[in-house]
Amino acid sequence: MNVNAAPAAIDYESIFLHAPVGMCMSEQRIIRSCNEALAAMFGYARAELVGQSFQVLYPTLDEFLRTGDRIIPIMNAKGRYSDERIMRRSNDELFWCHVTGHAMLPTDPLGPGIWTFEDVSEKRPVTAELTPREREIAALLVEGKTSKLIARQIDLSPRTVEMHRARLMRKFSAATSSELVHKLAGVQL
């Protein structure tokens with residue numbers, strides 16, 4: 001081994017394109033570049049996603065808009081964001097996805113950013129028909145948030161959040177809030 005030899009250049013583009021987790025670079029919630037894993041996870045070719053709004057990955061326009069509203073203050077405060085939410089594949093199949101993002105410019109939360117997406121549907125299948133609001137509340141319950149915190153975060157009354165929680169409990173045949181969270185998280189009791 002020649003100790004004087006220069007180290008080989010690292011091909012970051014190949015690493016990005018072939019990473020085992022879905023990745024993309026975005027700006028203003030538009031996908032500027034994505035890797036093979038992200039395209040495959042959502043059922044698209046890479047070229048179909050480049051230039052598209054993240055909206056194509058959401059079950060509804062309303063969920064896309066509300067998630068953006070929720071992300072901005074957290075990105076402003078921390079420069080990063082992470083959650084688990086229900087997303088939509090190109091064939092309209094819904095699935096749970098762990099999403100993490102990092103703003104490249106701390107003063108511009110929706111400016112250039114790097115996002116990762118991990119399909120967690122094997123451990124957490126979507127087993128009930130949920131409304132967009134129920135999907136949003138389910139994702140926040142999985143994060144461990146109380147009804148009061150959820151109400152404050154998504155601008156609803158705590159009573160309305162409790163009503164949605166009660167519907168979720170019926171749909172998932174959960175006797176307690178704790179059991180509901182376990183079922184939403186895909187934990188076997």
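A search of the whole structure, which is a predicted model, turns up 13 salt bridges. One of them links Asp83 and Arg70, with N and O 3.6 Å apart. Beyond the charged pairs, there's a helix, α5, that is largely enclosed by the rest of the structure, plus a largest nonpolar core of 22 residues and a second, separate one of 20.

**Salt bridges**

- Asp83 sits in strand β3 (residues 80–88) and Arg70 in helix α4 (residues 61–78), so their salt bridge ties together parts that are 13 residues apart in sequence. Both Asp83 and Arg70 are buried.
- Arg133 and Glu136 also pair up, at 2.8 Å from N to O. The two are three residues apart in helix α5 (residues 132–142), which puts about one helical turn between them. Glu136 is buried, with a relative accessible area of just 8%.
- Shared partners knit some of these bridges into one network made up of Asp62, Arg66, Arg70, Asp83, Arg85, Arg133 and Glu136.
- Arg89 bridges to Glu93, and here the closest N and O atoms are 3.2 Å apart. Arg89 is buried at 12% relative accessible area, while Glu93 is partly exposed at 38%.

**Helix α5 and its surroundings**

- Nine of the eleven residues of α5 are buried, so the helix is largely enclosed by the rest of the structure.
- The buried set mixes charged and nonpolar side chains: Arg133, Glu134, Arg135, Glu136, Ile137, Ala138, Ala139, Leu140 and Leu141.
- What do the buried residues of α5 pack against? They meet α4, β3, β4 (94–103), α6 (147–154), α7 (158–171) and α8 (177–185).
- After α5 comes Gly144, which has a positive phi near 90°.

**Nonpolar cores**

- As a rule, nonpolar side chains in soluble globular proteins tend to be buried together.
- The largest core here has 22 residues, and those touching the most other members are Cys24, Phe42, Phe54, Met87, Cys97, Trp115 and Phe117.
- Elements giving two or more residues to this core are β2 (30–34), α2 (36–42), α4, β3, β4 and β5 (113–119).
- Take Phe54 as a worked case: once neighbours within four places in sequence are set aside, its contacts are Cys24, Ser26, Arg29, Ile31, Phe64, Trp115 and Phe117.
- A second, separate core has 20 residues, among them Ala138, Leu141, Val161 and Phe172. Ala138 and Leu141 also turn up among the buried residues of α5.

**The β1–β2 hairpin**

- Strands β1 and β2 pair antiparallel, over four bridges. Glu27 has Ile30 in β2 as its bridge partner.
- Two residues lie between the strands of this hairpin, and Gln28 takes a positive phi near 55° there.

**A nonpolar patch on the surface**

- Which residues form the nonpolar patch on the surface? They're Met25, Met104, Leu105 and Ile114, and together they have about 320 Å² of accessible area.
- Met25 belongs to strand β1 (residues 22–27). Its relative accessible area is 36%, so Met25 counts as partly exposed.

Key:
Residues are numbered from 1 along each chain as its sequence is written. This is a predicted model: local features need pLDDT of at least 70, side-chain atom pairs count only at pLDDT 80 or more; totals for chains, interfaces and linings use all residues. Side-chain values use heavy atoms; hydrogens and water are left out. Patches are made of residues with over 30% relative accessible area and no salt bridge: like charges are joined within 9 Å, nonpolar side chains (Val, Leu, Ile, Met, Phe, Trp, Tyr) within 5 Å. Accessible areas come from the Shrake-Rupley method with a 1.4 Å probe; for residues, only the protein chains shown count as cover. A salt bridge is a side-chain nitrogen of Lys or Arg within 4 Å of a carboxyl oxygen of Asp or Glu. Buried means under 20% relative accessible area, exposed over 50%, partly exposed in between (1.4 Å probe, protein chains only). Contact means heavy atoms within 4.5 Å. A nonpolar core is a set of buried Ala, Val, Leu, Ile, Met, Phe, Trp, Tyr and Cys residues joined through side-chain atoms within 4.5 Å. Two strands pair if DSSP finds at least two bridges between them.
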